[in-house]
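Q: Before going through this model with me, could you explain how its descriptive words are earned, setting each value against the cut-off behind it?

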Amino acid sequence: QEDAYRMACTVLYSPQFQRAHPEFIDEQVRVRAQHPIPARVFRDQLAAMAASSAVWDRLPEIIARTLVMHGTADVVSPFENAGLLARRIPGARLRPFAEAGHLFFHERADESARVISEFLREV
């Protein structure tokens with residue numbers, strides 16, 4: 001299990017973050033080994049991706065203020081997808097995290113919390 005998650009970390013985090021914070025990666029690997037993600041989570045994610053065309057058609061119906069946050073160095077879900085999503089949702093705001101990977105909220109925890117707090121205060 002640890003080896004699998006360590007391998008996953010190579011795409012979940014930006015290369016710069018991995019080099020600068022090997023202790024964080026080690027801790028994440030240890031935590032995931034102790035608390036593995038249930039298989040149903042991955043199954044549900046795959047099902048959600050399969051249904052994405054139906055969801056895509058309904059995105060313009062969203063009336064809630066929306067903040068799309070995304071790392072620009074995400075190799076799991078390319079940053080371009082965030083722009084597509086933000087343009088599809090009326091009035092959505094896109095907030096990129098430069099050079100951050102898929103788990104940008106780990107890489108830039110304080111900044112992520114600040115951005116979310118500011119957005120929520122505005123709404």
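A: A pocket, as the word is used here, is an open set of grid points with protein on both sides within 12 Å along at least five of seven lines. The model is a predicted one, and about 730 Å³ of space lies in its largest pocket.

Q: What makes a residue part of the lining of the largest pocket, and which residues are closest to its centre?
A: Lining residues have an atom within 4 Å of a point of the pocket. There are 19 residues that line the largest pocket, and the closest to its centre are Met49, Ser52, Ser77, Asn81 and Leu85.

Q: Which elements give two or more residues to the lining of the largest pocket?
A: Helix H4 (39-50), helix H5 (52-58), strand E1 (67-71) and helix H6 (79-88) each do so, and H4 gives the most, with five residues.

Q: Why is Val115 called buried or exposed?
A: The cut-off for buried is under 20% relative accessible area. Val115 has a relative accessible area of 8%, and is therefore called buried. Val115 has its place in helix H8 (residues 109-122).

Q: What is Val115 in contact with, leaving aside its neighbours within four places in sequence?
A: Contact here means heavy atoms within 4.5 Å, and on that footing Val115 is in contact with Leu67, Met69, Arg95 and Phe97. By contrast with these contacts, the C-alpha atoms of Val115 and Ala47, which are 68 residues apart along the chain, are separated by 30 Å.

Q: Why is Gln28 called buried or exposed?
A: Gln28 has a relative accessible area of 14%, and because buried means under 20%, Gln28 is called buried. Gln28 is found in helix H3 (residues 22-34), where it touches Tyr5, Tyr13 and His106, not counting residues up to four places away in sequence.

Q: Why is Pro96 called partly exposed?
A: The term covers values between the limit for buried, under 20%, and the limit for exposed, over 50%. With a relative accessible area of 33%, Pro96 falls between those limits, so it is called partly exposed. Pro96 has its place in strand E2 (residues 93-97), and, if residues up to four places away in sequence are not counted, Pro96 touches His70, Thr72 and Phe79.

Q: How far apart are Pro96 and Met49 in space?
A: They are 22 Å apart, C-alpha to C-alpha, and 47 residues apart in sequence.

Q: What is stated about the phi of Glu99, and where does Glu99 lie?
A: Glu99 has a positive phi of about 65°, although it is not a glycine, and Glu99 lies in the loop between E2 and helix H7 (104-107).

Q: How many helices and strands does the protein chain have, and what pattern does it follow along the sequence?
A: The protein chain has eight helices and two strands, and read along the sequence these follow the pattern α-α-α-α-α-β-α-β-α-α.

Q: What share of the protein chain is buried, and what supplies the area that it exposes?
A: Buried residues make up 26% of the 123 residues. The protein chain exposes about 8200 Å², of which carbon and sulfur atoms supply 59%.

Q: How far apart are the mean positions of the positive and negative charges?
A: The mean positions of the 15 positive and 16 negative charges are 5 Å apart, in a protein chain whose C-alpha atoms fill a box of roughly 40 × 30 × 25 Å along the principal axes.

Note on methods. Residues are numbered from 1 along each chain as its sequence is written. This is a predicted model: local features need pLDDT of at least 70, side-chain atom pairs count only at pLDDT 80 or more; totals for chains, interfaces and linings use all residues. Side-chain values use heavy atoms; hydrogens and water are left out. Helices (H or I, at least four residues) and strands (E, at least two) are DSSP runs, numbered from the N terminus. Buried means under 20% relative accessible area, exposed over 50%, partly exposed in between (1.4 Å probe, protein chains only). Accessible areas come from the Shrake-Rupley method with a 1.4 Å probe; for residues, only the protein chains shown count as cover. Lys and Arg count as positive and Asp and Glu as negative; His and the chain ends are not counted. The place of a charge is taken as NZ of Lys, CZ of Arg, CG of Asp or CD of Glu. On a 1 Å grid over the protein atoms alone, a cavity is a set of points where a 1.4 Å probe fits but cannot get out, and a pocket is an open set with protein on both sides within 12 Å along at least five of seven lines; lining residues have an atom within 4 Å of a point. Grid points are joined across faces, edges and corners, and a volume is the space filled by probe spheres set on the points.
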